[in-house]
Amino acid sequence: MTLRNATATRQRILQHAQRQFAQRGYAAITVKGVADAAGVSPNLITRYFGGKDGLFLAATRVEIPVSNSFDGDRSALGSRLAASIVQRWFGAPGQDPLLVLQRASGERPEAAEALAAFLDTNSLEPLYRYLRDSGLDDADARSRAAAIDAFVLGVSTRRRVLRSELGDPAELQTWLSATIQRLADG
């Protein structure tokens, strides 16, 4: 097997694992089920990832570029964040590593820790710095960032983890935009 094929096979396994973990959580997924879906031997999952735990950790590595949402005036922050959120939620259903972490956080302590660390590093802290740098005092910036972060996580949990209908993307984006902006403005 060439390196190129190994890389493609590893990526195919991860895509199927992300989809399955996102749709059904950690406990319901088996190495054999992921292997069958990816069209590979379960031994390859053990070889590449060390088993189910390693596969889960690899499938939940999350990198979301948030810097674009923080470029520009605070008066349009809600619009920028809402557009980014809706694009993520409707972009690749069932394969979002952040959704995998959300669903698995009740089953796996390491998933809950990874989700909290991700949100602190990639959502709460950048949002706090942005609001502070936009002219809010430290305490106000921190409380508004925490409110926005909690709101988005709550909506995400309700609509994605608990599998409520997301609804029309345009309507959802409009509602998220207005609510986030109210929280940003105080």
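In this predicted model, the crossing of helices α5 and α7 is right-handed. That pair belongs to a protein chain with nine helices and zero strands, whose elements, read from the N terminus on, run α-α-α-α-α-α-α-α-α. The C-alpha atoms of the chain fill a box of roughly 55 × 30 × 30 Å along the principal axes, and 43% of its 186 residues count as buried. Among contacts between residues at least 6 apart in sequence, 68% join residues that are at least 24 apart.

**Helix α5 against α7**

- The axes of α5, which covers residues 77-91, and α7 come within 13 Å of one another and cross at roughly 160°, and because angles over 145 degrees count as roughly antiparallel, α5 is described as roughly antiparallel to α7.
- On the α5 side the residues that meet α7 are L77, R80 and L81, while α7 brings L127, Y130 and L131 to the contact.
- Sorted by class, this contact of α5 with α7 has five nonpolar residues, no polar residues and one charged residue.

**Helix α5 against α8**

- Helix α8, made of residues 138-161, packs with α5 at an angle of about 25°, the two axes being 13 Å apart, and since angles under 35 degrees count as roughly parallel, α5 is roughly parallel to α8.
- The crossing of α5 and α8 is right-handed.
- From α5 the contact takes L81, I85, R88 and W89, and from α8 it takes I148, V152, V155, S156 and R160.
- By class, the contact of α5 with α8 has six nonpolar residues, one polar residue and two charged residues.
- L81 of α5 appears in the contact with α7 and also in the contact with α8.

**Helix α8 against α9**

- Helix α9 spans residues 169-185 and packs with α8 at an angle of about 155°, with the axes 8 Å apart, and the two helices are therefore roughly antiparallel to each other.
- The crossing of α8 and α9 is right-handed.
- In this contact α8 supplies R144, A147, I148, F151, V152, V155 and R159, whereas α9 supplies L172, W175, L176, T179, I180, L183, A184 and D185.
- By class, the contact of α8 with α9 has 11 nonpolar residues, one polar residue and three charged residues.
- I148, V152 and V155 of α8 take part in the contact with α9, and these residues are also listed in the contact of α8 with α5.

**Nonpolar cores**

- The largest nonpolar core holds 30 residues, of which I13, F21, V34, I45, F49, L55 and F56 touch the most other members.
- Two or more residues of this core come from each of α1 (3-24), α2 (31-38), α3 (42-49), α4 (52-59), α6 (97-104) and α7 (109-133), and the largest share, six residues, comes from α1.
- Leaving aside neighbours within four places in sequence, I13 is in contact with V34, A38, V40, L44, I45, Y48, F49 and L55.
- Apart from the largest core lies another core of 24 residues, including F70, Y130, I148 and L176.
- Three of the residues named for the core of 24 also appear in the helix contacts above, with Y130 in the contact of α5 with α7, I148 in the contact of α5 with α8, and L176 in the contact of α8 with α9.

**Individual buried residues**

- R144 has its place in helix α8, and because the cut-off for buried is under 20% relative accessible area, this arginine counts as buried at 12% relative accessibility.
- Not counting residues up to four places away in sequence, R144 touches L131, L136, L183, A184, D185 and G186.
- R103, another arginine, is found in helix α6 and counts as buried at 15% relative accessibility.
- The C-alpha atoms of R103 and Q87 are separated by 19 Å, the two residues being 16 residues apart along the chain.
- F118 lies in helix α7 and is buried, with a relative accessible area of 9%.
- Between the C-alpha atoms of F118 and L101, which are 17 residues apart along the chain, the separation is 9.7 Å.

How values were computed
Residues numbered from 1 in each chain as written. Predicted model: local features only at pLDDT ≥ 70, side-chain atom pairs only at ≥ 80, totals over all residues. Heavy atoms only, no water. Core = buried A, V, L, I, M, F, W, Y, C linked by side-chain atoms within 4.5 Å. Buried < 20%, exposed > 50% of the residue type's maximum accessible area, 1.4 Å probe, protein only. Helix = DSSP H or I, 4+ residues; strand = E, 2+ residues; numbered from the N terminus. Contact = heavy atoms within 4.5 Å. Axes fitted to C-alpha atoms, helices over the stretch in contact; angles between N-to-C directions. Parallel < 35°, antiparallel > 145°, perpendicular 65-115°, else oblique. Left-handed = near helix turned anticlockwise from the far one by under 90°. Nonpolar A, V, L, I, M, F, W, Y, C, P; charged D, E, K, R; others polar.
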